[in-house]
Amino acid sequence: MERTLFEPEHELFRESYRKFLASHVAPHHDAWEEQGFADRSVWLEAGKQGFLGMAVPEEYGGGGVVDFRYNAIVSEETVHGQYSGLGFALHNDVVAPYLLSLANDEQKQRWLPGFCSGEIITAIAMTEPGAGSDLQGIKTRAVRDGDDWILNGSKTFITNGINADLVIVVAQTDPDKGAMGFSLFVVERGMPGFERGRNLDKIGLKAQDTAELSFSDVRVPGRNLLGTEGMGFIHLMHNLPQERLSIAVMAAAAMEFCLNTTIEYVRDRKAFGRPIGSLQNTRFVLAELATKTTAVRLMVDKFVELLNEDKLTAEEAAMAKWWSTEEQVDLINRCLQLHGGYGYMNEYPIAKAYVDARIQTIYGGTTEIMKEIIGRSMKLS
Ligand SMILES: Cc1cc2nc3c(=O)[nH]c(=O)nc-3n(C[C@H](O)[C@H](O)[C@H](O)COP(=O)(O)OP(=O)(O)OC[C@H]3O[C@@H](n4cnc5c(N)ncnc54)[C@H](O)[C@@H]3O)c2cc1C
């Protein structure tokens, strides 16, 4: 299907990002899978070449263009290359909007230049061992002490958690105020009492660091409060739709990649004296999957346009997130089946796609929570 989302300048950007991936990621990704995280040097190179902070104003070293299509290109090409160790989407799509919309001028001066150069790798820490979907169950607590805050608690499953220099931490600041009792804090590498736990052992995304973080009497200066005290949840609600669309962008790209790799495979592989692509079942399965891939692509591209126009609603982002990721998981499962036993072998791209995809319906808000968001908006009861 011909896409109408991009202009020639986006395609030039795509070309240069592809070259970056070929030179600075492809030769190292297997080693990063072994070690469980990407080297910091790739962040510095990405920063140098303009692939971090495209939406950050030029005065802070960013690209100065608020246009999510650039973010989408980074994600699409990263997915097409199966370079799942790069945490750029978390940095550009998820964290950047918090810093751009909530940081004051002094904070922007302190953090954004490093954000764009790759010297400051970022993360966001909402989830705790006892609170994932139910964010109001967060127990990490910040208590005021003079101008500072004393932070205690622990977070888990934090993407970029090992490499991160700057972590946006969601903490309870006033337990009596319910949803209005949470605030966001920026915790920086080296603050006493801020420790990283294990780099978690996942079934997929092997080169992506996902960690536990703990905070024991961390003294966070008042100037590291991000946004307004007590408005943490409102800030999250405002920014989560972009995070969810970012995941949908990856899902659409993964569907296209896996469909294409499977089409190539069934053309070559023979059974009973003919290519398995000539079997009616194969054609029917791939016809169905091509149709679904096209439908997901149409939805995602339209929603990227809406996001750019500041019109994407929370419900629409939830629809894109749950539906695209469920279709992604289903498509990859069925494509793997068409590979037979080879699909179960790690050397085939479909095997890697299978394990990497499984988290997509879970992080950023599970399918069930997305359906809750959509259902609630219908005022059914
Ligand atoms: C690789 C990876 C990276 C991640 N990155 C980050 C990150 O960078 N930052 C961060 O903060 N978090 C991150 N997460 C955490 C992720 O967002 C949570 O795992 C997710 O939100 C689900 O929370 P949970 O694991 O506690 O599951 P639970 O909330 O315990 O859910 C378990 C099951 O119950 C269902 N359920 C829960 N509530 C309801 C309900 N009301 N109605 C119906 N069903 C319900 C869920 O849908 C799910 O199926 C990451 C997780 C992983 C695995």
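Biologist: Which helix gives the largest share of the lining of the second largest pocket?
Modeller: Helix 5 does, with five residues. Keep in mind that this is a predicted model.

Biologist: OK. Which other helices supply at least two residues there?
Modeller: Helix 4 (68–80), helix 7 (232–268) and helix 8 (280–308) each do. Helix 5 itself spans 88–102.

Biologist: How many residues line that pocket, and which lie nearest its centre?
Modeller: The lining has 22 residues. Nearest the centre are Val66, Pro97, Gln242, Leu307 and Asp310.

Biologist: And what volume does the second largest pocket have?
Modeller: About 560 Å³.

Biologist: What classes of residue make up its lining?
Modeller: Twelve are nonpolar, seven are polar and three are charged.

Biologist: Which domains give at least three residues to that lining?
Modeller: Domain 1 (8–120) and domain 3 (234–377) each do.

Biologist: Switching to the ligand. How many residues surround it, and which are the closest?
Modeller: There are 17 around the ligand. Thr127, Ser133, Thr159, Thr366 and Glu368 are the closest.

Biologist: What does threonine 127 do there, in terms of atoms?
Modeller: An N or O atom in the side chain of threonine 127 sits 2.7 Å from a nitrogen atom of the ligand. Threonine 159 also has a side-chain N or O atom by a ligand nitrogen, at 2.8 Å.

Biologist: Which part of methionine 126 lies 2.8 Å from a ligand oxygen, backbone or side chain?
Modeller: The backbone: one of its N or O atoms is 2.8 Å from that oxygen.

Biologist: How much of the ligand does the protein bury?
Modeller: 65% of the 980 Å² that the ligand exposes when taken alone.

Biologist: Which elements give two or more residues to the shell around the ligand?
Modeller: Strand 1 (122–125), strand 3 (148–159) and helix 11 (367–377). Strand 3 gives the most, three residues.

Biologist: How do the shell residues divide by class?
Modeller: Nine nonpolar, six polar and two charged.

Biologist: Last one. Which domains each give the shell at least three residues?
Modeller: Domain 2 (123–229) and domain 3 (234–377). Domain 3 also gives at least three residues to the pocket lining we began with.

Key: Residues are numbered from 1 along each chain as its sequence is written. This is a predicted model: local features need pLDDT of at least 70, side-chain atom pairs count only at pLDDT 80 or more; totals for chains, interfaces and linings use all residues. Side-chain values use heavy atoms; hydrogens and water are left out. On a 1 Å grid over the protein atoms alone, a cavity is a set of points where a 1.4 Å probe fits but cannot get out, and a pocket is an open set with protein on both sides within 12 Å along at least five of seven lines; lining residues have an atom within 4 Å of a point. Grid points are joined across faces, edges and corners, and a volume is the space filled by probe spheres set on the points. Helices (H or I, at least four residues) and strands (E, at least two) are DSSP runs, numbered from the N terminus. Ala, Val, Leu, Ile, Met, Phe, Trp, Tyr, Cys and Pro count as nonpolar, Asp, Glu, Lys and Arg as charged, and the others, Gly among them, as polar. Domain bounds come from an automatic or database domain assignment. A residue is near a molecule or strand if one of its heavy atoms lies within 4 Å of it. A polar contact is a pair of N or O atoms within 3.5 Å; within protein, one must be able to donate a hydrogen and the other to accept it, and residues adjacent in sequence count only if both atoms are side-chain atoms. Accessible areas come from the Shrake-Rupley method with a 1.4 Å probe; for residues, only the protein chains shown count as cover.
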